[in-house]
Amino acid sequence: MNQEIEEIKKILLKYDPTIKEKLDTGLVESKSIYDLEEFLNEIINNVLTNHIDTMDIVLIVEQLSKLEKKKMMLLKESMEKEE
């Protein structure tokens, strides 16, 4: 799962390298995909005031989708083990 987070960080740091610490903290503290999406929305809208390329937004969404799929697979596996 860290691979997806690292890809998102790489995309955002391209726009503003000074937000690395804030990204590191926020990405780690996000407890769910929803929290992660809210955090990224806040960063993009409030911190990165310059225009982010649409393709980079698409790449971020793809990484979030991959992350969500992995989490769902892990949840499914853990539920199957309990049965």
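Which residues of α3 are buried? Let's start there. This is a predicted model, where local features need pLDDT of at least 70, side-chain atom pairs count only at pLDDT 80 or more, and totals for chains, interfaces and linings use all residues. Residues are numbered from 1 along each chain as its sequence is written, and side-chain values use heavy atoms, with hydrogens and water left out.

Okay, so α3. The buried ones are Ile33, Leu36, Phe39, Leu40, Ile43 and Ile44. When I say buried, I mean under 20% relative accessible area; exposed is over 50%, and partly exposed is in between, with a 1.4 Å probe and protein chains only. And helices, by the way, are DSSP runs of H or I, at least four residues, numbered from the N terminus.

Now look down the axis of α3: those buried residues fall within an arc of 130°, so they line one face of the helix. The arc is taken from the directions from the helix axis to the C-beta atoms. Over on the other side of α3, you'll find Tyr34 and Asn46 exposed.

What does that buried face sit against? The buried residues of α3 pack against α1 (2-13), α2 (20-29) and α4. Contact here means heavy atoms within 4.5 Å. As for its length, α3 runs over residues 33-47, which is 15 residues, and reaches 20 Å from first C-alpha to last, close to the 21 Å expected at 1.5 Å a residue. That expected span is 1.5 Å times one less than the number of residues.

On to α4, residues 54-82. Its 29 residues should span 42 Å at 1.5 Å a residue, and the end C-alpha atoms are 42 Å apart, which agrees. Which residues of α4 are buried? Those are Asp56, Ile60, Gln63, Leu64 and Leu67. What covers them includes α1 and α3.

Keep an eye on Gln63 and Leu67, and jump across to Glu4 in helix α1. Glu4 is buried, with a relative accessible area of 2%. Leaving aside neighbours within four places in sequence, Glu4 is in contact with Gln63, Lys66, Leu67 and Lys70.

Next up, charges. How many salt bridges does the structure hold? There are 6, counting a side-chain nitrogen of Lys or Arg within 4 Å of a carboxyl oxygen of Asp or Glu. Let me walk you through a few.

Take Lys9 and Asp24: the closest N and O atoms are 2.6 Å apart. That pair links distant parts of the chain, with Lys9 in helix α1 and Asp24 in helix α2, 15 residues apart. Lys9 counts as buried at 12% relative accessibility, while Asp24 is partly exposed at 25%.

Asp24 also meets Lys20 in a salt bridge, 2.9 Å from N to O. Asp24 and Lys20 both lie in helix α2, 4 residues apart, about one turn of the helix. Lys20 is partly exposed, at 41% relative accessible area. Put Glu6 in as well, and you get a network of salt bridges linking Glu6, Lys9, Lys20 and Asp24.

Then there's Asp56 with Lys14, the closest N and O atoms being 2.9 Å apart. Asp56 lies in helix α4 and Lys14 in the loop between α1 and α2, so the pair ties together parts that are 42 residues apart in sequence. Is Asp56 buried or exposed? Asp56 is buried, with a relative accessible area of 6%, whereas Lys14 counts as exposed at 55%.

Back to α4, this time for its surface. Met55 is in this helix, and is partly exposed, with a relative accessible area of 48%. Together with Val58 and Leu59, Met55 makes a nonpolar surface patch of about 230 Å². Patches use residues with over 30% relative accessible area and no salt bridge: like charges are joined within 9 Å, and nonpolar side chains (Val, Leu, Ile, Met, Phe, Trp, Tyr) within 5 Å. The areas themselves come from the Shrake-Rupley method with a 1.4 Å probe, and for residues, only the protein chains shown count as cover.

Last stop, two more α4 residues. Lys69 is found in α4 and counts as exposed, at 57% relative accessibility. The C-alpha atoms of Lys69 and Lys22 are separated by 25 Å, with their places 47 residues apart along the chain. Glu80 is in α4 too, partly exposed at 46%. Glu80 and Phe39 sit 41 residues apart in sequence and 31 Å apart in space, C-alpha to C-alpha.

How values were computed: Helix = DSSP H or I, 4+ residues; strand = E, 2+ residues; numbered from the N terminus.
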